[in-house]
Amino acid sequence: MKKFVFLFMFVLMLALGGWLYLRYGFVFGEGIKAGTLNKVERMGYVFKTYEGTVILAGIKSGTTVGSVQSNEFRFSVVDETLADSLMRCSGMQVELRYKEYKHPLLWRGYETAIVTEIVSVR
């Protein structure tokens with residue numbers, strides 16, 4: 001009976017670990033977004049994180065009926081030096097490389113997209 005309980009607990013812990021990894025640690029997507037850097041700010045109650053927005057370049061929808069398209073890219077930045085560099089680029093055209101997770105973590109930021117690199121600044 002002890003063997004069965006131990007095996008059950010082991011499988012349960014393994015399943016919980018896999019679920020937590022898929023929910024918070026697995027990189028769901030990655031890519032590059034381009035647009036005008038609107039803001040980067042440090043915010044938060046307990047965990048101070050860097051949050052920002054980029055106004056995406058492109059064509060906006062001509063109709064307002066049924067249009068749910070957003071032209072903002074909201075992101076978080078984990079690296080403090082990268083966030084400082086982005087703060088100095090406010091109002092400029094930027095290309096940002098990012099990784100997207102399924103769910104945010106408190107110490108990683110409020111958004112699911114995490115910027116990892118500045119590709120170019122114009």
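Me: Buried means under 20% relative accessible area. Which residues of helix H2 are buried?

Reply: This is a predicted model. In H2, the buried residues are Leu82, Ala83 and Leu86. Looking down the helix axis, these residues fall within an arc of 100°, so they line one face of H2.

Me: What lies on the other side of H2?

Reply: Glu80 and Thr81 lie there, and they are exposed. That word needs a relative accessible area over 50%.

Me: What covers the buried residues of H2?

Reply: The cover includes strands S1, S2, S3, S4 and S5.

Me: Why is Thr53 called buried?

Reply: Its relative accessible area is 3%. The cut-off is under 20%, so Thr53 meets it. Thr53 sits in strand S2.

Me: What does Thr53 touch, beyond residues up to four places away in sequence?

Reply: Thr53 touches Thr36, Leu37, Asn38 and Lys39. It also touches Phe73, Arg74 and Phe75.

Me: Why is Ile32 called neither buried nor exposed?

Reply: Ile32 has a relative accessible area of 43%. Buried needs under 20% and exposed needs over 50%, so Ile32 falls in between and counts as partly exposed.

Me: Where is Ile32, and what is it in contact with outside its sequence neighbours?

Reply: Ile32 lies in strand S1. Leaving aside neighbours within four places, its contacts are Glu95, Leu96, Arg97, Tyr98 and Val119. Ser76 is 44 residues from Ile32 in sequence. In space, the two are 14 Å apart, C-alpha to C-alpha.

Me: What makes a set of residues a nonpolar core, and how many residues has the largest one here?

Reply: The members must be buried nonpolar residues, such as Leu, Val or Phe, joined through side-chain atoms within 4.5 Å. The largest such core has 16 residues. Those with the most contacts inside it are Leu37, Phe75, Val77, Leu86 and Val115. Strands S1, S2, S3, S4 and S5 and helix H2 each give two or more residues to this core.

Me: Which residues does Leu86 touch, not counting those up to four places away in sequence?

Reply: Leu86 touches Leu37, Val40, Phe75, Val77, Leu96, Val115 and Ile118.

Me: What do the five strands close into, and in which order?

Reply: They close into a barrel, in the order S1-S2-S3-S5-S4. The pairing is mixed. On average, neighbouring strands are turned by 50° against each other, direction ignored. H2 packs on this sheet, touching S1, S2, S3, S4 and S5. The direction of H2 makes about 50° with that of S5.

Me: Why do S3 and S5 count as paired?

Reply: Pairing needs at least two bridges between the strands. S3 and S5 are joined by two bridges, so they meet the cut-off. They run parallel. One bridge has Ser76 with its partner Ile114 in S5.

Me: Why does S4 count as paired with S1 and with S5?

Reply: Nine bridges join S1 to S4. Seven bridges join S4 to S5. The cut-off is at least two, so S4 pairs with S1 and with S5. S4 runs antiparallel to S1, and antiparallel to S5. Glu30 has Lys99 in S4 as its bridge partner. Glu100 stands opposite Ala113 in S5.

Me: How many salt bridges are there in the whole structure?

Reply: There are five. Side chains of opposite charge can pair when their charged atoms come close.

Me: What makes Arg88 and Asp84 a salt bridge?

Reply: Their closest N and O atoms are 3.0 Å apart. The limit is within 4 Å, so the pair qualifies. Arg88 is exposed at 58% relative accessible area, while Asp84 is partly exposed at 39%.

Me: Why is the pair of Glu41 and Lys39 called a salt bridge?

Reply: The closest N and O atoms are 3.3 Å apart. That is within 4 Å, so the name fits. Glu41 is partly exposed at 31%, and Lys39 is partly exposed at 36%.

Me: Which parts does the salt bridge of Glu95 and Arg122 tie together?

Reply: The closest N and O atoms of this pair are 3.1 Å apart. Glu95 lies in strand S4 and Arg122 in the segment after S5, so the pair ties together parts that are 27 residues apart in sequence. Glu95 is partly exposed at 24%. Arg122 has a relative accessible area of 58%. That is over 50%, so Arg122 is called exposed.

Technical notes: Residues numbered from 1 in each chain as written. Predicted model: local features only at pLDDT ≥ 70, side-chain atom pairs only at ≥ 80, totals over all residues. Heavy atoms only, no water. Buried < 20%, exposed > 50% of the residue type's maximum accessible area, 1.4 Å probe, protein only. Helix = DSSP H or I, 4+ residues; strand = E, 2+ residues; numbered from the N terminus. Contact = heavy atoms within 4.5 Å. Axes fitted to C-alpha atoms, helices over the stretch in contact; angles between N-to-C directions. Arc of directions from axis to C-beta. Salt bridge = Lys/Arg side-chain N within 4 Å of Asp/Glu carboxyl O.
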